[in-house]
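Biologist: I would like to learn how to read a model of this kind feature by feature, with the general idea before each case. Where should we begin?

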Amino acid sequence: MKLAKIVLDKDYVISKIDEKVFSSFVEPLGRCVYGGIYEPGHPTADEKGFRKDVLELTKPLNLTLNRYPGGNYTSTFRWEDGIGPKEERKRRPEVAWQCIETNQFGLNEFYEWSKLNGSDVMMTVNLATRGVLEAMDCVEYCNFTEGTYWSDLRIKHGYRDPHGYKYWCLTNEIDGVWQVGQTTGTAYGRLAREASKGMKLLDDNIKTVLAGSSSPGQASFPSFDADALEESYDFIDYLSIHQYIGNAKNDTPNYLAKSLITDQYFKTAIATIDYIKAKKGSNKKVNISFDEFNTWHSIAEEARFDDKWKVVKPLLEDVYTMEDALALGSMLLTVLKHADRVEIACMSELVNCISHIRTRDGGGAWVLPPYYTFLMYSKYGRGTSLLTSVDSPKYDSTDFADVPYLDEAAVMDDNGDITVFAINRSIDEALPVQIDLRGFGNYAVDKHIVLESENAKDTNTEEDPNRVVPHNNGNAQMDGSTVTASLPKLSWNVIRLKAIK
Ligand code: AHR
């Protein structure tokens, strides 16, 4: 394989990376909440029913925000159902996922769990089938100090201090035909504007997220987003977009090229935002909240109508493999490469359901290979995103031309240490790489971590949880200001370079 070259220059930076791009998403869907983060009676459950074995796996991800509760779940969500004494909470049919919602886990349980996990909550309000006032009530309950109906009720429920939620999603995927309450960009933009206005009048510290397109494949993208922004631009703070990629053709080289769609998706969404900004002559900068993304293979439509109206049923429990670790990895690197405009990124979802953390009811918890990609992204991806100038050998896949074998991003942390993330997309050959550090001074290779496996479909199971785990035996070497390394076929690499002071 031909040599791939990366040039980094001390003066060429993209932007500081926002801490909120290290976030996730928890929806009461399948066994994400019930049987995932919450399972009273489980041997590791604490007195509140939170599984400690799951917390041990979520905490190292060092998540900034967890988006809650949805997701499709939001479109018929009544936030008031999940507060107050548990024995008085209503059981409801939950139509998005065709389950029974017992509401034993609600808004305050998620607040408690998030505190234990060390993350903040990004709350979603239902504007699909409810309205401005219910959204404002939720802000009043969560954030108002005291002396009003909803804030005093929160205090009565045991929460003297306000939850103080800063980030609020103005409903979810309302462009989607699968959503109860689907509407047009214009109608939604007007509603979102008024909701955001009311919510901010109650708490001027909050930031709101306009629900844009649910996929780059939506026929209404980007006009839905433009129409919604047109109505709400100066009243909201972020545009949300979502994307899931899959390998339906069972064609690994093609699958691994799909982050190119993510890249174009960001560019188009940013152009759409800036077009509306220019049209309005606004000074406000709206950025992107990529608040649902992952790889996804199962078919939601089929799964949810199986075995209806159960309290807890396994849904969307995809078995993720080594190739999914790389496909997700490329999406994460695309986020870092757009650090100047992507300020929130929530990997979807956190446990069991389209997730890399898996549990057995009453049994163990283990992780699938993409867990490690996200873990390393979160651990080493903080700081400043550096511009990478790249010359890589390329391939053509079924749907894409000129796909670089190398995918990469580089980050400098606050100590001046540099991390180069590098993926070799080749299914059969190692990729030699040379990294030229221009003007950075003296550096040494600290470590070269590799996630690899013989077979693209290798994964971990409860019985064999360590089949695909990262190792520290990468061969990166420093010579002067040049790093050389060989990236094994189908591998995710983290090359840590320490500044010698
Ligand atoms: O994450 C699963 C579902 O995917 C979410 O509920 C929805 O927002 C998206 O379509």
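Modeller: We begin with burial: a residue is called buried under 20% relative accessible area, exposed over 50%, and partly exposed in between, with a 1.4 Å probe and protein chains only. Helices (H or I, at least four residues) and strands (E, at least two) are DSSP runs, numbered from the N terminus. This is a predicted model, in which local features need pLDDT of at least 70 and side-chain atom pairs count only at pLDDT 80 or more, while totals for chains, interfaces and linings use all residues. Residues are numbered from 1 along each chain as its sequence is written, and side-chain values use heavy atoms, with hydrogens and water left out.

Biologist: With those terms in hand, why is helix H2 described as largely enclosed by the rest of the structure?

Modeller: Helix H2 (residues 107–117) is largely enclosed because nine of its 11 residues are buried; among them are Phe110, Tyr111 and Trp113, together with the charged Glu109 and Glu112. The cover over these buried residues includes helix H1 (52–58), strand E4 (65–68), strand E7 (120–125) and helix H3 (132–143). After H2 comes glycine 118, with a positive phi near 80 degrees.

Biologist: Which residues does phenylalanine 50 contact, beyond its neighbours within four places in sequence?

Modeller: Contact here means heavy atoms within 4.5 Å. On that rule, and leaving aside neighbours within four places in sequence, the partners of phenylalanine 50 include Glu109, Glu112, Trp113 and Leu116, as well as Ile37, Tyr38 and Leu55. Phenylalanine 50 is in the loop between strand E3 (23–25) and H1, and its relative accessible area of 1% makes it buried. Leucine 116 is 66 residues away along the chain from phenylalanine 50, yet their C-alpha atoms are separated by 9.4 Å.

Biologist: How should I read backbone angles that depart from the usual?

Modeller: Most residues other than glycine have a negative phi, and most peptide bonds are trans. In this model, glutamate 173 has a positive phi of about 40 degrees although it is not a glycine; it sits in the loop between strand E8 (167–170) and helix H5 (185–202), and at 7% relative accessibility it is buried. Aspartate 402, also not a glycine, has a positive phi of about 55 degrees, but at 52% relative accessibility it counts as exposed, and its place is the loop between strand E17 (394–395) and strand E18 (403–404).

Biologist: Where are the cis peptide bonds that you would point out, and which residues do they join?

Modeller: One runs from tyrosine 68 to proline 69, with omega near 0 degrees, and proline 69 belongs to the loop between E4 and strand E5 (92–94). Another joins phenylalanine 221 and proline 222, with omega about 5 degrees, and proline 222 lies in the loop between strand E9 (207–211) and helix H6 (223–232).

Biologist: How is the protein divided into domains, and how do these meet?

Modeller: Domain bounds come from an automatic or database domain assignment, which gives domain 1 (4–12 + 385–499) and domain 2 (18–380). Their centres, taken over C-alpha atoms, are 30 Å apart, and the contact takes 39 residues from domain 1 and 38 residues from domain 2.

Buried area is the accessible area (1.4 Å probe) that two parts lose on being put together, summed over both. For these two domains it is about 3300 Å², with 65% on carbon and sulfur atoms. Phe400, Glu462 and Trp492 supply 20% of the area that domain 1 buries against domain 2, more than any other three residues.

Biologist: How many salt bridges are counted between domain 1 and domain 2?

Modeller: A salt bridge is a side-chain nitrogen of Lys or Arg within 4 Å of a carboxyl oxygen of Asp or Glu, and the count between the two domains is five. Glutamate 408 and lysine 337 form a salt bridge through their side chains, at 3.6 Å from N to O. On the side of domain 1 that touches domain 2, the elements giving two or more residues are strand E19 (406–412), E20, strand E22 (443–451) and strand E25 (491–499).
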